[in-house]
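Look at the fold below and follow the account from strand pairing to the residues in the interior. The text is meant to be read with the structure open beside it.

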Amino acid sequence: MPTLRALRHMQAEQQQEQFNERLSSWIASQGFWFQLRHSIDSSRTTGNLLSHLVSMAFKLLVFMIILSLGGLYYLVKRPDWQAFRTDLRDSISHALGTEELAMRGVGRTRGVLEISRLASDGGQAAFFDFLELRNIRCRMNLVDGLVGQWDPGTISIERLEGQIRAGTDTPEDSAAIGDMIFRQFDDTLIRSIDIANASFGWGYSERTRGSIENAQVELRRVRDSWRISIRGGEFSQNWISNFAIDEIIAVADPDGIVFEKAELRQGSGTLDFSGLRVIAGDRPELRGVARLRGISLDQILPSAARNFVEGRISPDITVGGSTNSAEGVTFEGTVNLDGITRITVRDRIHLLRALSVVDLHNSYRRLDFAEGSFRIKTGSGSLEVRDMVLRGDELATLSGGFIARQPTPRELDEMVASGGDGRGSASGVFDFSEDDSVSLLDVDELERQFTLRQAAAAARAAADGDTGEDERLFDRVGMNYEARLYADQQAERLSRMLIYEGEVLLTVLPNAFERTERLQENFPVDPETGRIPVRVPLEGPLHELTLEQEESIYEMGRR
């Protein structure tokens with residue numbers, strides 16, 4: 001039997017083992033550095049120290065591997081998590097100065113961040129009223145947005161649609177937008193943006209409205225400015241519509257925009273407004289000259305007037321006004337005819353038809369004017385032609401001036417009541433060409449379809465419980481773009497309803513009215529010029545001009 005001493009020794013050893021186990025467990029819970037110091041202090045031999053170091057190094061290696069794998073998983077999966085998308089949306093919203101922004105299809109593939117669709121409804125501090133981008137791509141490494149400054153390289157956008165603000169309510173709002181456009185960010189380096197297909201407009205009325213459609217746009221930051229290059233697509237501003245863009249190069253800085261190069265074409269004609277400036281402010285001012293060379297009148301006249309007048313002109317037009325004022329963008333200049341550039345007036349004008357009937361010697365189916373000049377000015381929703389003196393062959397000369405303006409609400413009601421379509425009472429007499437680019441029926445159909453799409457979008461937003469705010473914002477921005485196209489068509493419709501006021505003097509050969517004495521008595525030959533002057537008052541819609549004179553000449557021309 002064990003002695004009492006042996007039992008006490010065994011009991012002491014058990015207590016020592018239990019103490020050592022508790023001590024080891026406590027040391028293990030204190031962390032790596034405490035364990036290392038304890039090992040060094042408690043080790044009495046080199047073998048024990050190395051053994052502890054190897055054990056601790058292995059533990060450290062396993063810990064670092066697990067930590068690295070966890071970190072790598074986080075970095076790889078970060079773009080797929082809602083927290084990242086929310087932070088990205090908030091950052092873009094802050095950069096654009098808007099509070100409403102929606103994104104769809106956010107992800108990263110092979111180091112490239114992709115956003116399939118982004119839309120924003122603008123705001124007081126934004127430079128746009130609405131904006132929609134599709135298929136956005138840029139470089140994004142694993143730690144971009146977490147460590148240091150993110151350099152996304154060239155941000156590529158497949159398609160952009162939007163409406164750029166043409167001005168602001170106050171100078172303070174304008175300054176805030178300027179700061180936002182030219183701001184440089186500490187956490188992100190934005191230097192280059194490429195847009196494969198951009199369509200955007202500006203202006204709030206027919207007097208200021210302009211657009212660029214389906215153009216390729218490149219933006220490059222140069223210190224505190226942006227250098228903008230535009231190629232392809234079409235440019236429009238007021239009556240300068242659908243000009244093909246060869247190349248536009250502009251520099252935008254806090255003081256405004258300078259067009260270093262702006263070359264456009266329309267058929268064989270060209271338009272160059274290089275050197276034009278847009279001075280920044282709540283009411284941006286335009287200053288410069290637009291040089292038109294060999295431009296067909298078909299391309300700059302309202303569609304309703306294209307069947308009356310044709311020809312080519314090459315004037316230098318002074319550009320002024322503002323994109324955010326009642327006067328709008330203004331154009332003013334002198335058109336000179338030099339024999340190469342000429343204007344032809346067709347007999348779709350009622351008076352010329354009557355003259356062709358009563359004049360036994362001459363035809364007025366077309367009057368060609370190859371010499372002379374006239375001055376034009378557009379602004380405040382009207383076109384003014386003054387100081388007109390046109391000469392062609394011996395058949396006719398034309399002088400005087402007139403104004404073409406938009407109808408008042410009362411005049412518009414009267415035209416619609418008399419003709420039902422805004423064409424006036426002459427609709428039963430005048431032969432409308434099928435060549436008009438946009439018929440009134442097309443505009444009415446567009447309005448009906450647009451209203452139906454609005455109702456469908458609203459019904460979908462109300463009925464679909466899972467539509468969400470983002471989807472409703474996408475619908476709203478899409479309708480804004482369609483509304484801009486609809487407004488362009490409405491402007492085309494208004495051009496058919498212009499009211500003309502003024503008087504021109506038409507002179508014809510002295511033998512024009514030999515047919516009847518009544519015509520000779522009412523239109524005698526001017527002894528100073530040896531020609532017959534015919535005063536032509538202009539008043540009313542285009543298709544009614546000279547209608548009363550036509551009937552009067554027919555009456556006097558009866559034998």
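In this predicted model, strand β6 (residues 210-222) and strand β8 (residues 234-237) pair in the antiparallel sense over 4 bridges. One position to look at in this pairing is G210, which stands opposite Q237 in β8. β6 also pairs with strand β5 (residues 192-202), again in the antiparallel sense, over 8 bridges. Here the residue of β6 that serves as bridge partner of I193 is L219.

A further partner of β6 is strand β7 (residues 225-231); the two run antiparallel and are joined by 7 bridges. Within that pairing, Q216 has R231 of β7 as its bridge partner. β6 and β7 form a hairpin, with 2 residues between the strands. R223 sits in the turn of this hairpin and has a positive phi of about 55°.

Two other residues deserve a look for their backbone angles. N214 lies in strand β6 itself, and its phi is near 55°, a positive value in a residue other than glycine. N214 is partly exposed, with a relative accessible area of 44%. R110 is found in the loop between β1 (101-109) and β2 (112-120). The phi of R110 is near 50°, also positive in a residue other than glycine. Is R110 buried or exposed? R110 counts as exposed because its relative accessibility is 85%, and the cut-off for that class is over 50%.

Q266 offers a contrasting case, a polar side chain in the interior. Its place is in strand β10 (residues 256-266). Q266 counts as buried because its relative accessible area is 14%, and the limit for buried is under 20%. What does the side chain of Q266 meet there? A polar atom of that side chain lies 2.6 Å from the backbone oxygen of N242. Leaving aside neighbours within four places in sequence, Q266 is in contact with S241, N242, F243 and Q299.

The next topic is the nonpolar interior. The largest nonpolar core has 100 residues. Which of them have the most contacts inside it? They are F273, L367 and L506. For L506, leaving aside neighbours within four places in sequence, the residues in contact include L351, L352, L355, L367 and A396. T397, L398, I532, P533, V534 and V536 are also in contact with L506. Apart from the largest core lies another, of 6 residues, among them A102, F130, F474 and V477.

Three of the contacts of L506, namely L351, L352 and L355, bring in helix α6 (residues 350-358). The buried residues of α6 are H350, L351, L352, A354, L355 and V358. An α-helix has 3.6 residues a turn, so residues three or four places apart point the same way. The buried residues of α6 pack against the strands β17 (329-346), β18 (366-379), β21 (499-508) and β22 (532-541). They also pack against the helices α10 (517-522) and α11 (547-556).

Helix α11 can be read from its own side. In α11, L547, Q549, E550, I553 and M556 are buried. What covers these buried residues includes α6, α10 and β22. α10 and β22 are also among the elements that the buried residues of α6 pack against.

Conventions. Residues numbered from 1 in each chain as written. Predicted model: local features only at pLDDT ≥ 70, side-chain atom pairs only at ≥ 80, totals over all residues. Heavy atoms only, no water. Core = buried A, V, L, I, M, F, W, Y, C linked by side-chain atoms within 4.5 Å. Buried < 20%, exposed > 50% of the residue type's maximum accessible area, 1.4 Å probe, protein only. Contact = heavy atoms within 4.5 Å. Polar contact = N/O pair within 3.5 Å; in protein donor to acceptor, adjacent residues only side chain to side chain. Pairing = 2+ DSSP bridges.
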